[in-house]
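Here is a friendly walk through one protein model, meant to be read with the structure open beside you. Take a look at it first, then follow the text from the overall layout down to single residues.

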Amino acid sequence: MAKKKTCGIVMPISECDGLGASHWGDVRKIVEGVASEAGFETRLVSDTFESNLIHKEILQNIYNDDLIICDVSGRNPNVFFELGIRMATQKPTVIIKDEVTSYPFDTGPNRYIQYPRDMRHPVIEKFKKDLSASIEKTSKQSKENSFIGQLGPFHIPDVESASVPAAELILERLEKIERQMVNTSIRPRNALASLYQSGSKVETIQPNEHTTLVILNGVSERKAEIAEELANDLLASSRKEVLINRIHVGSGEYHIEISGKGMGQPNIATEIRMYLDAMLN
């Protein structure tokens, strides 16, 4: 009997966006049921780990699983980090979200399978059918038809054939990024751990289509300076004329005004918020 293919699940598992662990447990059961009917053995990629710290085994699961289903509902930083690693491999990935969560990045609505946050019937039944169809289609997808592949061509190193295991190679590259950050005097308390911590103090609003206002609450002046430096670094390669201005509003509150052509677009504001949130918290 042939061994079942593995479907890894990446999603929030504890309180996120005002929803408790029981809600995410219900979503997980639905996703697992659909994937199981499609012939996959399912599990969370982080099934055996309780902390938010990075583990080689988690990275190995993300890389090796035949299929990944990722729920970006609530825009959890951990989920996005793991999704980014998976998407870089160009391996089959299905992205889902609830209808309350705005589209986190601009890949077009057809790339997300949407479900009702309140789990109402019969909308959830339509979601199951859509998810089943997406699993069948995506599991047969070539690398050229992946999200990264459609933006390419890119050369993605085949870490499976490398002498260093995939997880160790990814960790090595993350540590290199951390060292580079330290060398440029941007010193979060731990760059790797910061990517895995929530509790956002960063919000963004768009006063107009050419302005994004980053609102920092409960931060020190030094942290506000770091946020300004990070925003500069993030937008340095945009090839657009961008002005960034830091304003001290009051006790522990700073605003960073980012203005330039198109800088108030929702997808740009979301990218800025998520980046600063991950790096500062």
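The protein chain folds into 9 helices and 9 strands, where helices (H or I, at least four residues) and strands (E, at least two) are DSSP runs numbered from the N terminus. This is a predicted model, in which local features need pLDDT of at least 70 and side-chain atom pairs count only at pLDDT 80 or more, while totals for chains, interfaces and linings use all residues. Residues are numbered from 1 along each chain as its sequence is written, and side-chain values use heavy atoms, with hydrogens and water left out.

Of the 281 residues in the protein chain, 45% are buried; buried means under 20% relative accessible area, exposed over 50%, and partly exposed in between (1.4 Å probe, protein chains only). Contact here means heavy atoms within 4.5 Å. Among contacts between residues at least 6 apart in sequence, 64% join residues at least 24 apart.

**The parallel sheet**

Five strands make an open sheet with parallel pairing, in the order β2-β1-β3-β4-β5. Its edge strands, β2 (40-44) and β5 (112-115), each pair on one side only. From one strand to the next, the twist averages 25 degrees; axes are lines fitted to C-alpha atoms, for helices over the stretch in contact, and angles run from 0 to 180 degrees between N-to-C directions. Two strands count as paired if DSSP finds at least two bridges between them. Strand β1 (residues 5-10) and β2 are joined in the parallel sense by 5 bridges, and Ile-9 has Leu-44 in β2 as its bridge partner.

Which strands does helix α1 lie across? Helix α1 (residues 21-37) lies across β1, β2, β3 (67-71), β4 (93-98) and β5, and runs at about 160 degrees to β2. Helix α3 lies across β1, β3 and β4, at about 150 degrees to β3.

Helix α3 is mostly covered, with 10 of its 12 residues buried; among them are Val-79, Phe-80, Phe-81, Leu-83, Ile-85 and Met-87, along with the polar-named Asn-78, Glu-82 and Arg-86. At the N-terminal end of α3, Asn-76 acts as a cap: one of its side-chain oxygens lies 2.8 Å from the backbone nitrogen of Asn-78. This is a polar contact, that is, a pair of N or O atoms within 3.5 Å; within protein, one must be able to donate a hydrogen and the other to accept it, and residues adjacent in sequence count only if both atoms are side-chain atoms. Just after α3, Gln-90 takes a positive phi of about 65 degrees.

**The antiparallel sheet**

The other sheet to look at is open too, with 4 strands in the order β6-β7-β9-β8 and antiparallel pairing. Strands β6 and β8 (243-250) stand at the edges with a single partner strand each, so one side of each has no neighbour in the sheet. The twist averages 20 degrees from one strand to the next. Helix α8 packs on this sheet, where it touches β7, β8 and β9 (253-259), and its direction makes about 160 degrees with that of β8. Within α8, the buried residues are Ala-224, Ile-226, Ala-227, Glu-228, Leu-230, Ala-231 and Leu-235.

Strand β6 pairs with strand β7 (residues 211-217) in the antiparallel sense over 5 bridges. Glu-203 is found in β6 (residues 202-208), and its bridge partner in β7 is Ile-215. Leaving aside neighbours within four places in sequence, Glu-203 is in contact with Leu-213, Val-214, Ile-215 and Arg-273. His-255 is 52 residues from Glu-203 in sequence, yet their C-alpha atoms are 9.7 Å apart.

**Helix lengths**

How do the spans of α3 and α8 fit expectation? The expected span of a helix is 1.5 Å times one less than its number of residues.

| Helix | Number of residues | Expected span | Distance between end C-alpha atoms |
|---|---|---|---|
| α3 (residues 77-88) | 12 residues | 16 Å | 17 Å |
| α8 (residues 221-235) | 15 residues | 21 Å | 21 Å |

The end-to-end distance agrees with the expected span for α3, and the same check agrees for α8.

**Single residues**

Is Glu-203 buried or partly exposed? Glu-203 counts as partly exposed because its relative accessible area is 45%. Gln-141, in the loop between α4 (123-138) and α5 (147-151), is also partly exposed, with a relative accessible area of 28%. The C-alpha atoms of Gln-141 and Pro-92 are separated by 6.5 Å, although the two residues are 49 apart along the chain.

Finally, the cysteines. Cys-16 is buried because its relative accessibility is 6%, and Cys-70 is buried with a relative accessible area of 1%. The structure holds 0 disulfides, a disulfide being a pair of cysteine sulfur atoms within 2.5 Å.
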